[in-house]
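Me: Could you walk me through this one? I'd like to start with how the helices are named, then go on to the cysteines and the pockets.

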Amino acid sequence: MGSKMSRESLRLFPLLLITLLYLVSVISLVESRPPFACDPRNGLTRSLRFCRVNLPLHVRVRDLLGRLTLQEKIRLLVNNAAAVPRLGIQGYEWWSEALHGVSNVGPGAKFGGAVPGATSFPQVITTAASFNESLWEQIGRVVSDEARAMYNGGMAGLTYWSPNVNIFRDPRWGRGQETPGEDPVLAGKYAARYVQGLQSATGNRLKVAACCKHYTAYDLDNWNGVDRYHFNARVSKQDLADTYDVPFKACVVEGKVASVMCSYNQVNGKPTCADPDLLKGTIRGQWHLNGYIVSDCDSVGVMYDTQHYTTTPEESAAATIKAGLDLDCGPFLAVYTDLAVRRGLLAEVDVDMALANTITVQMRLGMFDGEPSAQPYGNLGPRDVCTPAHQQLALEAARQGIVLLKNSGPSLPLSTARHRTVAVVGPNSDVTVTMIGNYAGVACGYTSPLQGISRYARTIHQAGCSNVACKANNLFGAAEAAARQADATVLVMGLDQSIEAEFRDRAGLLLPGRQQELVSRVARASRGPTVLVLMSGGPIDVSFAKNDPRVTAILWAGYPGQAGGAAIADVLFGTTNPGGKLPMTWYPQDYVAKVPMTNMGMRPSRGYPGRTYRFYKGPVVFPFGHGMSYTTFKHSLAQAPTELSVPLNTNLYATTNSTFSSNAVRVKHANCDSLSLPFHIDVQNTGTIDGTHTLLVFSTPPAGKWSPNKQLIGFHRVHVLAGSQQRVEINIHACKHLSIVDEFGIRRIPMGAHSLHIGDLKHSISLQANLEGTKP
């Protein structure tokens, strides 16, 4: 036993040593200037070929790789890449975060001095509720402005491991707040547009490099004794292609993202970071990633130490690099890659291929082009962080993401004339940091709900509970007394990061502790309208409030960012007419008793109800896409095709008999170029208040073996003045929007009548295969 422990200690010593060095480097990251190479003032390096900006990137990359020793290369395989002083290359920290604003969660960015904070936008689940693609891209551009400004001051890197585009499959997931919701089309559009904004690419050059994570089928952190480090996600080919991979494909193919992060979990028995089918086969082979693949932090170590996927650590190092991993967030590859090469498990050319991908991204960012101040965006500095325009956009994003779930009477909007005194109650009624959710930085400043409401009316404030856990009712009496004195009562309840967070999945869907009791008691005591405002990332079963006539209105604000309180108040008092829609289903509490988080199946089976609005057909508290307004809208179809001929690629069809399956055409055998259908929809505001309406377009495939459930295929947000009308054009592409995925993971277009649902409108399109010219 003693000798075994001694051998184990010897084996672990290099890992412990490099981990110590890794931590020291992270702590001492403060630099007087941003990391870059090819300093024109350095006579030793300025004439090197990899520094010549007029040469093609691949020539520069090849030249640099040819100058590095194997040991130097290995030290560049990890997130805290070591300096190469003899070549004038500074050390670089790859890990920065920008989920909804520049964050200091990763070691690559820090706040202080001239940049004490950055604009903190609403959490992604809230911004997704706006269904506003241009807003997502605009936020990305602002975040990258602030990121570049901080980079120029030596306070941040240029590689940001955001966004999180995993599907919000299970309502208990603690990280669902970081995602764009449960629908793959919505998540894919968010991914592409936010990445386009962040990267703001000009040709092959990048403003910053984004990263879509966590690939793939990752949406369990720590539930019922199962954690993400040990979890093997068993996923069908159909669900992988139809749901889990959709946002990642959009991120790479449409967003042109510069990086993808593989996840901790295994998928069908293989760690994602060591699966060549997922990395080399899909991300690079099928989707043609122009960038690098990075591991989630320490997941290469987890693969060996926790999952015991290989016998030796050097085998794990070799397996990940050969599978297509380019960068390790963590020290593992820096320790064991050399041994993997010496043992013949890995060739130096494999290391070169990985580094070629990371160095190419750095060169696209201009990090090998000399002094940043002389480059594009070199003029950005502290004055470009937390600008009034950026903070105004954070407020506007929060307004657009708030969802009106219930409005009896209607009791909202409140009136400054009739509701002069407002009781503001609840554990989230005067919060600040809660509003920015997780993976956040330091905000420019905050407006809490209490502060926001105080701009419209005199307030009486009582927390009711000391925190969201709400374990005692000793403060309820004071809250009831406040409600009796006020013209209206606003209860700001819900969750925070102590309830839902990374590595913290929820056990159930009800309000924590005695919050429900507080809401009901205050609603009974209130002499005016009682409005329930919910802060949360995940859905909450508030059936009691939905069915209580004394709770006259319910708003969901998600985690609304630094200006959240102002946005909530603007909606409450009608300065803003709410237009958000739920990006996820709100299930009843008894749903989770039927669905283990570990079951990755999307479709219903015996005793299993299925997941998300696309497959689950049981009772809900509020459905996906639900969201009310202070006005009313009416739709009418102005132009809508009724049939479409789907031409087949005769060369492909002639070589296979698998084009047709149950009267469906394989997408890759169809000539997709001519299959875009324009729909013109008139949206009329039939009420008395100007408002913004989100048009959601769903489709249902023909009857038969295909799932009969509707799926979102398009959306458009439009502002319509009271009494007026706006025409919206939505293009529906048959290959992309009217296709389904069969049980083998093959995307097909069913022939026959497809039904489109646009609000209360239904329209049918008949698809027929065009076989003219097909060889027998």
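Reply: Helices here are DSSP runs of H or I with at least four residues, numbered from the N terminus. Please keep in mind throughout that this is a predicted model.

Me: OK, take α6 then. What comes right after α6, and what is its phi like?

Reply: Ser200 follows α6, and its phi is positive, near 40°. At the other end, Asp183 acts as the N-terminal cap, with a side-chain oxygen 2.9 Å from the backbone nitrogen of Val185.

Me: How does the length of α6 compare with what it should span?

Reply: The two agree, because 16 residues (184–199) at 1.5 Å a residue should span 22 Å, and the end C-alpha atoms of α6 are 22 Å apart.

Me: And is α6 enclosed or out in the open?

Reply: It is largely enclosed by the rest of the structure, since twelve of its 16 residues are buried. Among them are Pro184, Leu186, Tyr190, Tyr194 and Gln199.

Me: Changing topic: how many disulfides are there in the whole structure?

Reply: A search of the whole structure finds seven. One of the pairs is Cys262 with Cys273, with an S to S distance of 2.1 Å. This pair links distant parts of the chain, eleven residues apart, with Cys262 in strand β7 (residues 259–262) and Cys273 in the loop between β9 (270–271) and α9 (277–286).

Me: Which hand does the Cys262 and Cys273 disulfide have, and why?

Reply: It is right-handed, because the torsion about its S-S bond is about 110°. As for accessibility, Cys262 counts as buried at 1%, and Cys273 counts as buried at 3%.

Me: What about the link of Cys386 and Cys444, left-handed or right-handed?

Reply: That one is left-handed, with -85° about the S-S bond, and the S to S distance is 2.0 Å. It too links distant parts of the chain, 58 residues apart: Cys386 sits in the loop between α13 (348–364) and α14 (388–401), and Cys444 in the loop between β12 (421–425) and α15 (449–454).

Me: Are Cys386 and Cys444 buried or exposed?

Reply: Cys386 counts as buried at 18% relative accessibility, whereas Cys444 is partly exposed at 27%. The cut-off for buried is under 20% relative accessible area. A further disulfide joins Cys465 and Cys470, their sulfur atoms 1.9 Å apart, and both of those cysteines are buried.

Me: Why is there no bond between Cys211 and Cys212?

Reply: The sulfur of Cys212 is the closest cysteine sulfur to that of Cys211, but at 6.9 Å it is too far for a bond. Cys211 itself counts as buried, with 0% relative accessibility.

Me: On to pockets. What is the volume of the second largest pocket, and which residues are closest to its centre?

Reply: Its volume is about 560 Å³. There are 32 lining residues, and Phe624, Gly625, His626, Leu696 and Phe698 are the closest to the centre.

Me: Which strand gives the most to that lining, and what is the make-up by class?

Reply: Strand β21 gives the most, with six residues, while β17 (633–639), β21 (691–700) and β26 (752–758) each supply at least two. By class, the lining of the second largest pocket has twelve nonpolar, 15 polar and five charged residues.

Me: Last one: where is Tyr304 found?

Reply: Tyr304 is in helix α10 (residues 299–305), and it is buried, with a relative accessible area of 11%.

Definitions and conventions:
Residues numbered from 1 in each chain as written. Predicted model: local features only at pLDDT ≥ 70, side-chain atom pairs only at ≥ 80, totals over all residues. Heavy atoms only, no water. Disulfide = S-S within 2.5 Å. Buried < 20%, exposed > 50% of the residue type's maximum accessible area, 1.4 Å probe, protein only. 1 Å grid on protein atoms, 1.4 Å probe; cavity = no way out; pocket = protein on both sides within 12 Å on 5 of 7 lines; lining within 4 Å. Points joined across faces, edges and corners; volume = space filled by probe spheres on them. Nonpolar A, V, L, I, M, F, W, Y, C, P; charged D, E, K, R; others polar. Expected span 1.5 Å × (residues − 1). Polar contact = N/O pair within 3.5 Å; in protein donor to acceptor, adjacent residues only side chain to side chain.
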